[in-house]
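The following exercises are to be worked with the sequence and the coordinates at hand. Each task is followed by a solution in steps.

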Amino acid sequence: SRIFWKTVRGMLPHKTERGKQALRRLKTYEGIPPPYDRRKRVVVPGALRVICLKPGRKFCHVGRLSHEVGWKYQTVVRTLESKRKVKAVLTIRKRDKLKKLT
């Protein structure tokens, strides 16, 4: 999350008051934190890799790059994300059962 934050800071005029306020409003997290893990995810079509990149272009993931330069929490985030996904599947099944009953 810090690498992404620094990337965005490089794109903003962070030394001006407007840029400082924009950076204060930016929140970055490792994985999906508890208040947002229960919200429905939405897909932004304009941001999909398939639409943005031409076929055959190279791309990279921020997590892999971060791990290669010394980020130590890739396995931690991976295990937390897998636990969250299992929990989400169970909640969806439970919700679907309740919908069938009503």
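**Exercise 1.** Locate glutamate 81 in this predicted model, and determine whether glutamate 81 counts as buried or exposed.

*Solution.* Begin with the secondary structure: glutamate 81 belongs to helix 6, which covers residues 74-101. Next, consider the accessibility. A residue is classed as buried under 20% relative accessible area. Glutamate 81 has 18% relative accessibility and therefore counts as buried. Finally, examine the contacts. With neighbours within four places in sequence left aside, glutamate 81 is in contact with Gly31 and Ile32.

**Exercise 2.** Characterise valine 76 by its element, its exposure class and its C-alpha separation from glutamate 30.

*Solution.* Valine 76 lies in helix 6. Its relative accessibility is 39%, so valine 76 counts as partly exposed. For the separation, take the two C-alpha atoms: valine 76 and glutamate 30 are 46 residues apart along the chain, and their C-alpha atoms are separated by 9.7 Å.

**Exercise 3.** Which residues form a nonpolar patch on the surface together with Leu48, and where is leucine 48 found?

*Solution.* The patch consists of Val43, Leu48, Val50 and Ile51. Together, these residues have about 420 Å² of accessible area. Leucine 48 is then placed in the loop between helix 3 (34-37) and helix 4 (49-52). With a relative accessibility of 38%, leucine 48 counts as partly exposed.

**Exercise 4.** How many disulfides does a search of the whole structure find, and why is cysteine 52 without a bond to cysteine 60?

*Solution.* The search finds zero disulfides. To explain this for cysteine 52, identify the closest cysteine sulfur, which is in cysteine 60. The sulfur-sulfur distance is 14 Å, which is too far for a bond; the criterion for a disulfide is a pair of sulfur atoms within 2.5 Å. Starting from cysteine 60 leads back to cysteine 52 as the closest partner, again at 14 Å. As to exposure, cysteine 52 is partly exposed because its relative accessibility is 47%. Cysteine 60, with a relative accessible area of 45%, is likewise partly exposed.

**Exercise 5.** Which elements of the chain have the lowest and the highest mean pLDDT?

*Solution.* Take the chain as a whole to begin with: the average pLDDT is 89, and 100% of the residues score at least 70. Then turn to the elements. Helix 3 has the lowest mean pLDDT, at 83, whereas helix 2 (residues 17-25) has the highest, at 96.

Terms used
Residues numbered from 1 in each chain as written. Predicted model: local features only at pLDDT ≥ 70, side-chain atom pairs only at ≥ 80, totals over all residues. Heavy atoms only, no water. Helix = DSSP H or I, 4+ residues; strand = E, 2+ residues; numbered from the N terminus. Buried < 20%, exposed > 50% of the residue type's maximum accessible area, 1.4 Å probe, protein only. Contact = heavy atoms within 4.5 Å. Patch = residues over 30% accessible without salt bridge, like charges linked within 9 Å, V, L, I, M, F, W, Y side chains within 5 Å. Areas by Shrake-Rupley, 256 points an atom, 1.4 Å probe, with all protein chains shown as cover. Salt bridge = Lys/Arg side-chain N within 4 Å of Asp/Glu carboxyl O. pLDDT = per-residue confidence, 0-100.
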